[in-house]
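Have a look at the chain below and turn it around a few times. Then let's walk through it together, one spot at a time.

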Amino acid sequence: MRNQNAHLILGIDVGGSGVKGAVVDVRKGTLVTDRYRLKTPGPGDPKSVAQVVARIVRHFVWRGPVGCGMPGPIKHGRIPVLSNLDKAWIGVDVAEVYSKACGCRVTVINDADAAGLAEMRFGAGKKRDGVVVLTTFGTGIGTAVFVDKRLVPNTEFGQMEINGKPAEVRASARVRKARDLSWKAWGERVNTYLLALENVLWPDLIIVGGGVSRKASRFLPRITTKAEVIPAKFRNEAGIVGAALAAASRDKP
Ligand code: BGC
């Protein structure tokens, strides 16, 4: 018998400060429940984070497929290196740890790649071909690169060195708050980063995501790239929607 709810998938976004989840209609790219958010545990070792992810699954009384976005590249289900997570994650089979803790099948994807999938399918990147980069500004800086709508997974341009330091150490949203930078000062840092990114990738379009996209008018005027730069449409929900899309595409024959 056909599963009437096959288009509903629980999307979860594991971030530096919060773990957020909602049930997503993957046909429309919309949330069909409220977002449920718990604090990211500290220390963020695999067992503690898996327990929080499992609490989110229980909150929704969920037994279907789950998609989960995580910081860090995800190669063959494992995280080879990381910057914003507990070192104990290195080499762990993430999907297996989550699936066991939750009692359902969990598909794992890099969080920025997830956000990119949502923007390209339903948001700011819809109908956009060529080389499109989504860059998320949050605790770190994430990137998702698309070539004619196909994802090139696990790009880590937030780690690109600028003046001897990873870009995310200078220009993440966390740095703006921690250093109490004005939008102008922070916008200039973002511009330096985007110019460096443009210099190596020559994208046709740059989509700026993360919570800061709500304030795009405060910093986008500082950006001087040749490529068009536009704010993301989904803002904080992109990671949840995209994680669900990743789980849905795994189910396709
Ligand atoms: C990680 C990326 C991640 C980004 C946003 C960075 O520190 O290296 O994988 O996408 O943070 O969470």
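## Starting at Asn5

Asn5 sits in the segment before S1. Keep in mind that what you're looking at is a predicted model. Is Asn5 buried, partly exposed or exposed? Its relative accessibility is 45%, and because buried means under 20% and exposed means over 50%, Asn5 counts as partly exposed.

Now find Asp25, which is 20 residues away from Asn5 along the chain. In space, the C-alpha atoms of Asn5 and Asp25 are 9.1 Å apart.

## The whole chain

Let's zoom out. How many helices and strands does the chain have? You should find eight helices and 13 strands. With 253 residues, the globule rule gives a radius of gyration of 18 Å, and the chain comes in close to that at 17 Å, so it is as compact as a globular protein of that length. If you draw a box around the C-alpha atoms along the principal axes, its sides are roughly 55 × 40 × 30 Å.

Of the 253 residues, 55% count as buried. There's also plenty of long-range contact: take the contacts between residues at least 6 apart in sequence, and 62% of them join residues at least 24 apart. The accessible surface adds up to about 12,100 Å², and carbon and sulfur atoms hold 50% of that. As for charge, the chain carries 39 positive and 22 negative side chains, with the centres of the two sets 5 Å apart.

## Two nonpolar cores

Here's a handy background idea: in soluble globular proteins, nonpolar side chains tend to be buried together. In this model, the largest nonpolar core has 31 residues, and the members that touch the most others are Ile12, Val14, Met70, Trp89 and Tyr98. Which elements each supply at least two residues of this core? They are strands S1 (8-14), S2 (18-25), S5 (66-70) and S6 (106-110), along with helices H1 (46-59) and H2 (94-102). H1 gives the most, with seven residues.

Val14 is a nice one to click on. Setting aside residues up to four places away in sequence, Val14 touches Val19, Val49, Val53, Cys68, Gly69, Met70, Pro71, Tyr98 and Asp111. There's a second, separate core too, with 30 residues, among them Val24, Leu117, Leu205 and Ile207.

## Backbone oddities

Some spots have backbone geometry you might want to check for yourself. The peptide bond from Gly42 to Pro43 is cis, with omega near 0°. Pro43 lies in the loop between strand S4 (36-39) and H1.

Next, two residues with positive phi. Asn163 has a phi of about 50° although it is not a glycine. You'll find Asn163 in the loop between strand S10 (161-162) and strand S11 (165-166). Its relative accessible area is 67%, so Asn163 counts as exposed. Trp202 isn't a glycine either, and its phi is near 45°. Trp202 is in the loop between H6 and strand S12 (205-209), and at 47% relative accessibility it counts as partly exposed.

## A few more places to visit

Thr139 is in the loop between strand S7 (131-137) and strand S8 (141-147). With a relative accessibility of 25%, Thr139 counts as partly exposed. Which residues does Thr139 touch, if you skip those up to four places away in sequence? They are Gly16, Ser17, Asn84, Ser172 and Arg174. Thr139 and Pro71 are 68 residues apart along the chain, while their C-alpha atoms are separated by 9.7 Å.

Asn191 belongs to helix H6 (residues 183-201). Its relative accessibility is 11%, and since that is under 20%, Asn191 counts as buried. Beyond its neighbours within four places in sequence, Asn191 is in contact with Arg222, Ile223, Thr224 and Thr225.

Last stop: Asp180, in the loop between helix H5 (173-178) and H6. Asp180 is exposed, at 69% relative accessible area. Where does Gly29 sit relative to Asp180? The two are 151 residues apart in sequence and 35 Å apart in space, C-alpha to C-alpha.

Conventions
Residues numbered from 1 in each chain as written. Predicted model: local features only at pLDDT ≥ 70, side-chain atom pairs only at ≥ 80, totals over all residues. Heavy atoms only, no water. Core = buried A, V, L, I, M, F, W, Y, C linked by side-chain atoms within 4.5 Å. Buried < 20%, exposed > 50% of the residue type's maximum accessible area, 1.4 Å probe, protein only. Helix = DSSP H or I, 4+ residues; strand = E, 2+ residues; numbered from the N terminus. Contact = heavy atoms within 4.5 Å. Rg over C-alpha atoms; globule rule 2.2 N^0.38 Å. Areas by Shrake-Rupley, 256 points an atom, 1.4 Å probe, with all protein chains shown as cover. Lys, Arg positive; Asp, Glu negative; His and termini not counted. Charge placed at Lys NZ, Arg CZ, Asp CG, Glu CD.
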